[in-house]
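Reader: I am new to reading protein structures. Could you walk me through this one, step by step?

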Amino acid sequence: MRIQIINPNTSVGMTEAMAASARLIALPNSEIIASTPEHGPRSIECAFDEVVAGAAMLDQIQKGKEMGADAHIVACFGDPALDAARELADAPVIGIAEAAFKLASMVGHKFAVVTTLSRTVPASEHLLHKYGYKHLCSGVRATDIPVLALEHIEPSAYNLLRDECLAAINEDGAEAIVLGCAGMSALVERLRAELPVPIIDGVAAAVKLAESLHQLSLKTAKTGQYGAPVNKPFIGRYEHWNR
């Protein structure tokens with residue numbers, strides 16, 4: 001199968017790191033196609049970033065659709081424009097936050113989310129409510145590590161991430177840790193070696209869910225909310241969406 005992994009920010013280095021992590025755990029017959037938007041922010045760290053990045057990310061969904069992708073992964077923990085992407089796509093579209101919450105709920109009674117900036121905590125809490133996992137989350141902790149700093153993480157930043165994970169376990173009662181940024185995917189094995197609970201990376205979780213949906217021949221429902229976008233004129237920079 002062909003799995004398109006879309007990094008909604010414009011950091012090519014982060015896209016390549018996500019793709020490398022995905023290829024390590026993908027099945028031998030799964031082809032990972034990595035995509036980076038042509039426009040948008042270098043990193044996504046607030047609601048404004050998400051909206052701008054979401055519009056550009058939808059162009060990548062369309063390209064993946066034209067390439068015959070069997071699944072699309074939105075590799076940003078805010079799951080930006082996920083519902084819009086599902087309207088556009090026929091194949092399954094998986095957000096890494098939703099994927100991570102699903103798997104974490106299966107391996108621990110309570111899981112914690114350890115994320116980047118403090119200002120993104122409400123966004124994670126919103127997704128926990130939206131997806132129905134708030135009651136299973138022991139808390140959301142922030143490291144205040146900028147997203148782009150994860151590309152070449154300094155020892156002090158890594159120690160801060162590990163220590164927040166430990167605090168979530170020892171102080172909040174977390175029985176599993178969800179890493180709240182796709183840029184943390186390269187750190188999973190290191191954290192697993194140092195921490196006593198399951199560590200869930202949303203990119204890896206989304207890849208395995210994508211493979212499962214494909215093997216079960218399940219696609220996105222095209223009736224109701226995820227029906228195709230309504231035909232209408234678009235003007236200006238969005239004229240290419242005219243149907």
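Below, a student asks about strands, rings and a pocket, and the author answers.

Reader: Before we start, what kind of model is this?

Author: Happy to have you here! The structure you see is a predicted model.

Reader: Let's begin with strand S5, residues 111-115. How many of the residues of S5 are buried?

Author: Let's look at one face of the strand and then the other. In a regular strand the side chains alternate between the two faces of the sheet. On one side of S5 sit Phe 111, Val 113 and Thr 115, and on the other Ala 112 and Val 114, and all of them are buried. S5 is therefore largely enclosed by the rest of the structure, and its buried count is five of five.

Reader: Which strands are joined to S5 by bridges, and which residues stand opposite Val 114?

Author: Strand S6 (residues 137-142) runs parallel to S5, with five bridges between them. Strand S7 (residues 176-179) also runs parallel to S5, joined by four bridges. Val 114 has a partner in each of these strands: in S6 Arg 141, and in S7 Leu 179.

Reader: How does the chain get from S5 to S6, and is that crossover right-handed or left-handed?

Author: Follow the chain out of S5 and you pass through helix H5 (residues 121-131) before reaching S6. That path is a β-α-β crossover, and its hand is right-handed.

Reader: Now the rings. How are the rings of Phe 77 and Phe 101 arranged?

Author: This is one pair to look at among the four aromatic pairs counted. The ring centres of Phe 77 and Phe 101 are 5.8 Å apart and their planes meet at 85 degrees. An angle over 60 degrees counts as edge-to-face, so this pair is edge-to-face.

Reader: Where in the chain do Phe 77 and Phe 101 lie, and how many residues apart are they?

Author: Phe 77 is in the loop between strand S3 (71-74) and helix H3 (82-88), whereas Phe 101 belongs to helix H4 (residues 96-107). The pair thus links distant parts of the chain, with a separation of 24 residues.

Reader: Phe 101 also pairs with Tyr 133. Is that pair stacked, tilted or edge-to-face?

Author: Phe 101 in helix H4 and Tyr 133 in the loop between H5 and S6 are 32 residues apart along the chain. Their ring centres are 6.1 Å apart and the planes differ by 55 degrees. Stacked needs under 30 degrees and edge-to-face over 60, so the pair is tilted.

Reader: Is Tyr 133 buried or exposed?

Author: The cut-off for buried is under 20% relative accessible area. Phe 101, with 0%, is buried. Tyr 133 has a relative accessibility of 12%, so Tyr 133 counts as buried.

Reader: Which residues do the ring pairs link into a cluster?

Author: You have already met Phe 77, which pairs with Phe 101, and Tyr 133, which also pairs with Phe 101. With the remaining members added, the cluster is Phe 77, Phe 101, Phe 111, Tyr 131 and Tyr 133.

Reader: Last topic: which element gives the largest share of the lining of the largest pocket?

Author: The largest pocket has a volume of about 340 Å³. Its lining has 26 residues, and those nearest its centre are Ile 44, Glu 50, Cys 76, Gly 78 and Thr 120. Helix H1 (12-25), helix H2 (47-66) and H5 are the elements that give two or more residues to it. The largest share, four residues, comes from H5.

Methods:
Residues numbered from 1 in each chain as written. Predicted model: local features only at pLDDT ≥ 70, side-chain atom pairs only at ≥ 80, totals over all residues. Heavy atoms only, no water. Buried < 20%, exposed > 50% of the residue type's maximum accessible area, 1.4 Å probe, protein only. Pairing = 2+ DSSP bridges. Right-handed = clockwise from strand over helix to strand, strands pointing away. Phe/Tyr/Trp six-rings, centres within 6.5 Å; stacked < 30°, edge-to-face > 60°. 1 Å grid on protein atoms, 1.4 Å probe; cavity = no way out; pocket = protein on both sides within 12 Å on 5 of 7 lines; lining within 4 Å. Points joined across faces, edges and corners; volume = space filled by probe spheres on them.
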